[in-house]
Amino acid sequence: MDQQRFLEFIEPLQDKMYRLSVRLLISKEAAQDATQEVFMKLWKLKGKLNSYDNPQAFAMTVTKNYCLDQLKLKKNNNLRIVHNNYEDERSSLQKEIEAKDELAHVSEIIEGLNKQEQLLIQLRDVEQLEYEEIAKIAEMKETAIRVALSRARKKIRKEILKKHRYGTV
Amino acid sequence: MERSKIKPLLTKYLEGETSLSEEKILNEYFASGKVDPTFEEYKPLFNFFEEQRKTAFEGEVNLPEKKSTFLNKKYYRWSAIAASVLIVCSVYFFNQKQTKIKSTEVNHELAMKHTQDLLYMMTNVMNDGKKQLQYLNEFNTTQNQIIQQK
């Protein structure tokens, strides 16, 4: 795999890899560094990349493992709340603030989940990957993934409902 | 989208049993803005996922090693070529010098004779000069006479 092909391989993956890193590491800077590091790791493995039956899933696995390693090493001590621009041009300012608030709240809830649940939510609900692929990336069995994902989704829903009820009372 | 259709999908979703296409239906439903109040709590969730998908990697794909290995490979190749050219050239030069030395070796005896002749000539000239220096002894004799008178 030469440089050009490698860049073509990375192109559609880089956003997914970055989003997964943000999900696991929280800090955008750390996620950026992690993504860059994973690019380097993959580049070093470029000769072998095509021998994996799913190089894309492999790239995601490397990203996941790298981020989890980073967390283990506690290199990532600077926890920062992710800030995203939840902009909706049509809604009024009030609605916009509410929407932002709601999404920030969901973001907080997801941050409160354990890393495995975060990983699965990220891969399934954000990246919309097939269970087969998630099984490869997360190195888990499909049934275990479904169970964990179901638990995570229920937790998120429960937390959102809590907030809603507080809001209305 | 009808409420009756979404509700079972949501229950399936919570159980982790929805397929990707079913989840896409849910995504579209919650993105449409016409969400039934009974499903209100799912709205921020699906909107959040939708927003998350918009996050893009902003940095550039930096492969500093890519450049260096790329250069190194070329560098090695070129240095190999240069080295082999150097070897060929040096062998050529060396051979040339050796042949030159051989050619002087062939004339060596002649050169010896020439130098010997030259040295003989030198000694002859030297001897001639030395004979002429005999006059200098006259100074000595006169000097001795003077000293003796004193």
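This is a short tour of chain B, from its contact with chain A to its own helices, in a model that is predicted.

**Stop 1: the side facing chain A.** Show both chains and select the residues where they meet. Here 27 residues of chain B are in contact with 36 residues of chain A. Which helices of chain B take part? Colour α1 (3-14), α2 (20-31), α3 (42-52) and α4 (64-106) of chain B, since each of them supplies at least two residues of the side that touches chain A. Linger on α3(B), which gives the most to that side, with seven residues. Now colour the chain B side by residue class: you should find 12 nonpolar, six polar and nine charged residues.

**Stop 2: where α2(B) meets α3(B).** Hide chain A for a moment and keep these two helices. Two packed helices are described by the angle between their axes and the distance between the axes. The axes of α2(B) and α3(B) come within 9 Å and cross at roughly 105°. An angle of 65 to 115 degrees counts as roughly perpendicular, so that is how α2(B) and α3(B) lie to each other.

Next, show side chains. From α2(B), pick Leu26(B), Asn27(B), Phe30(B) and Ala31(B); they meet Tyr42(B), Lys43(B), Phe46(B), Asn47(B) and Glu50(B) of α3(B). By class, this contact has five nonpolar, two polar and two charged residues.

**Stop 3: residues 75-94 of chain B.** Finish by selecting this stretch, which an unreviewed UniProt entry gives as a "transmembrane region". In the model, the span is 100% helix and 0% strand. Try a distance between its end C-alpha atoms: they lie 28 Å apart.

Notes
Residues are numbered from 1 along each chain as its sequence is written. Chains are lettered from A and ligands numbered from 1 in the order in which they are written. This is a predicted model: local features need pLDDT of at least 70, side-chain atom pairs count only at pLDDT 80 or more; totals for chains, interfaces and linings use all residues. Two residues are in contact if their C-beta atoms, placed from the backbone, lie within 7 Å. Helices (H or I, at least four residues) and strands (E, at least two) are DSSP runs, numbered from the N terminus. Ala, Val, Leu, Ile, Met, Phe, Trp, Tyr, Cys and Pro count as nonpolar, Asp, Glu, Lys and Arg as charged, and the others, Gly among them, as polar. UniProt positions are given in the numbering used here, feature names are shortened, and annotations may be inferred rather than shown by experiment. Axes are lines fitted to C-alpha atoms, for helices over the stretch in contact, and angles run from 0 to 180 degrees between N-to-C directions. Angles under 35 degrees count as roughly parallel, over 145 as roughly antiparallel, 65 to 115 as roughly perpendicular and the rest as oblique.
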